[in-house]
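Trainee: Got a minute to go through this model with me? I'd like to start with a helix that caught my eye.

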Amino acid sequence: MNDPESVLAAFSGRNGMWRGIAPLAAIVAGVVFLIAGFFHAGWWIGFLVCLAVLAVALHDVRQSGYAVLRNYPVTGWIRYLFQALRPYLRSYIVEGDLEGRPFNQDQRSLVYERARNEEDNHPFGTELDVYQSEYRWLGHSMAPVEPESEDPRFDIGGPQCARPYSSSILNISAMSFGSLSARAIEALNTGARMGGFAHDTGEGSISPYHRKGGGDLIWELGSGYFGCRTKDGNFDPEKFKDAACDDQVKMIEIKLSQGAKPGHGGILPAAKVTKEIAETRGVPVGEDCISPAAHRAFSTPREMVEFAARLRELSGGKPVGIKLCVGHPHEVFAVMKAMLATGIYIDFIVVDGAEGGTGAAPVELSNYVGQPLYDGLVIMRNALVGSGLKDKIRLGASGKVYSGTGIAQTIALGADWANAARAFMFSAGCIQSMRCHEGTCPTGVATQDQRRQRGLVVAEKAVQVARFHRKTVAAANHIAGAAGLARIHDLEPHHFFHRISPTEARTVDRIYPFIGANQLVEAPEETPYDLWWEASDPDTFAMASDVAEAHRATGLPGFQRV
């Protein structure tokens with residue numbers, strides 16, 4: 001009894017009997033069942049149950065991994081039972097309509113209702129606290145108008161692009177085959193074809209299920225160069241040309257970083273690299289599939305825009321752009337300087353916010369690295385406008401966009417269109433079970449398990465995807481019309497209000513800096529970005545050494561050292 005490692009030590013000391021109540025009860029009940037069993041055979045079942053309880057208790061007090069089970073054999077499992085049930089109990093019983101994360105119940109319900117063609121109007125007024133500091137709204141006009149078009153479109157492709165793409169204001173953001181199931185990819189792409197909008201492949205390349213759907217594709221080219229790589233993982237121009245010239249591929253997107261895990265590569269474990277995924281990505285079956293953190297094809301801003309020009313030529317003149325989560329502002333400005341120095345203009349830039357989603361990512365990167373969408377979008381808008389390039393380069397935005405309001409707000413901040421990923425997953429059946437990284441998605445959306453995929457009926461979900469897109473674009477259009485604008489692209493920062501405190505609200509152009517055309521080139525000292533601009537160099541992503549120390553000492557509003 002004095003040995004703290006002995007089995008009986010678990011039941012000694014203060015409250016020792018209560019800690020061991022389950023095995024003690026099993027002993028007493030077992031004796032009773034044993035005696036009763038001699039009179040009626042049915043009692044032996046109870047005796048066997050008691051033996052099982054005692055076996056569990058013996059395991060618990062002898063194992064060393066879980067302190068609760070060591071001290072509270074058998075009954076300690078109640079904790080782990082409720083821990084496992086907690087997400088479900090919270091989601092379906094405890095959680096309020098406005099409390100869930102990443103998307104609350106109201107946000108998910110809006111997508112479900114539109115996708116299923118159910119009633120999406122809300123009775124009795126808003127449930128939001130319109131005086132809290134997070135509240136944002138768009139101003140309306142005394143003279144509202146009807147939208148000019150039910151499906152507003154615009155061309156992506158600058159002066160050096162031979163084959164511009166007529167794009168919707170809402171497209172499907174990057175999600176790879178492998179992260180999503182075959183049926184989910186097919187449903188999303190079929191929905192894109194039905195609705196006349198684009199589907200970003202994600203960096204996992206173009207799968208047979210993208211092809212089967214027949215919808216417009218944005219081919220995302222990540223650092224792994226999947227679908228156009230050599231055996232040692234470098235870029236293969238001939239493989240790229242063969243795939244990019246396919247008529248279904250409308251644009252090429254070079255992925256620099258992702259909002260949910262910026263600056264981080266990725267690995268698809270060997271066990272998940274099936275024959276189908278291996279063929280799609282151009283990698284060996286049953287080996288780890290690695291995406292490096294950085295690209296091999298370029299290492300400077302100048303090399304990057306030259307690489308983009310090469311891709312545009314190889315693809316037959318299709319639009320080529322970049323996607324990134326904004327990090328250091330001087331790197332953004334270095335890209336602008338590279339375009340000005342070379343005369344090579346990329347066709348579009350997609351800003352991915354830190355609030356964006358992923359199948360799996362390190363928690364610290366998801367929570368604390370990278371700029372949120374609005375902050376990054378304003379910096380990118382100012383970089384393009386301030387360097388005189390906005391009329392040549394289109395700007396996209398992605399990061400938790402799920403409604404017409406989200407589209408309208410990003411356009412007011414300078415974007416030409418919005419991408420959505422998780423919202424389209426919801427429209428295809430996702431219930432936010434948060435099992436994406438485990439491969440056990442209960443709806444068949446984010447799993448390679450064929451049995452789970454059975455629940456996703458492509459023909460039905462494709463219709464829901466297209467319907468969600470149509471109704472969400474219509475909602476964005478109605479917001480613009482309520483603001484007195486026939487064209488949604490006429491929305492400006494002064495239409496967008498943000499509450500600062502319970503007694504004060506400002507338009508976002510009074511919160512964020514919005515600089516004028518060519519101001520970074522002609523008078524950077526008059527902008528809040530002067531030190532960032534001076535620190536940028538078209539031949540390196542690093543800060544220029546001659547101003548680095550001054551930059552660190554001075555800082556900028558919002559970036560000071562404290």
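Mentor: Start with α5, which has a kink of about 50° at Leu85, shortly before the proline Pro87. The bend at a residue is the angle between axes fitted to the seven residues ending there and the seven starting there. Helices (H or I, at least four residues) and strands (E, at least two) are DSSP runs, numbered from the N terminus.

Trainee: What does α5 span between its end C-alpha atoms?

Mentor: Helix α5 (residues 77–94) spans only 22 Å, where a straight helix of 18 residues would span 26 Å at 1.5 Å a residue. The expected span is 1.5 Å times one less than the number of residues.

Trainee: What kind of model is this, and how is it numbered?

Mentor: This is a predicted model, with residues numbered from 1 along each chain as its sequence is written. Local features need pLDDT of at least 70 and side-chain atom pairs count only at pLDDT 80 or more, while totals for chains, interfaces and linings use all residues; side-chain values use heavy atoms, with hydrogens and water left out.

Trainee: New topic. How many disulfides does the structure hold?

Mentor: Zero, taking a disulfide as a pair of cysteine sulfur atoms within 2.5 Å.

Trainee: Why no bond for Cys161?

Mentor: Because the closest cysteine sulfur, in Cys245, is 13 Å from the sulfur of Cys161, which is too far. Cys161 is also buried, at 11% relative accessibility. Buried means under 20% relative accessible area, exposed over 50%, and partly exposed in between (1.4 Å probe, protein chains only).

Trainee: And Cys325, buried or exposed?

Mentor: Buried, with a relative accessible area of 6%. The closest cysteine sulfur to that of Cys325 is in Cys436, 19 Å away and too far for a bond.

Trainee: Which side chains of strand β2 are buried?

Mentor: Phe154 and Ile156, which point to one face of β2 (residues 153–156), while Arg153 and Asp155 point to the other and are not buried. In a regular strand the side chains alternate between the two faces of the sheet.

Trainee: Which strand does β2 run antiparallel to?

Mentor: Strand β3 (residues 165–168), joined to β2 by four bridges; two strands pair if DSSP finds at least two bridges between them. Ser168 in β3 is the bridge partner of Arg153.

Trainee: Last one: where does Asn477 lie?

Mentor: In helix α18 (residues 458–482), and Asn477 is buried at 4% relative accessibility. Leaving aside neighbours within four places in sequence, its contacts (heavy atoms within 4.5 Å) include Pro147, Pro152 and Ile488.
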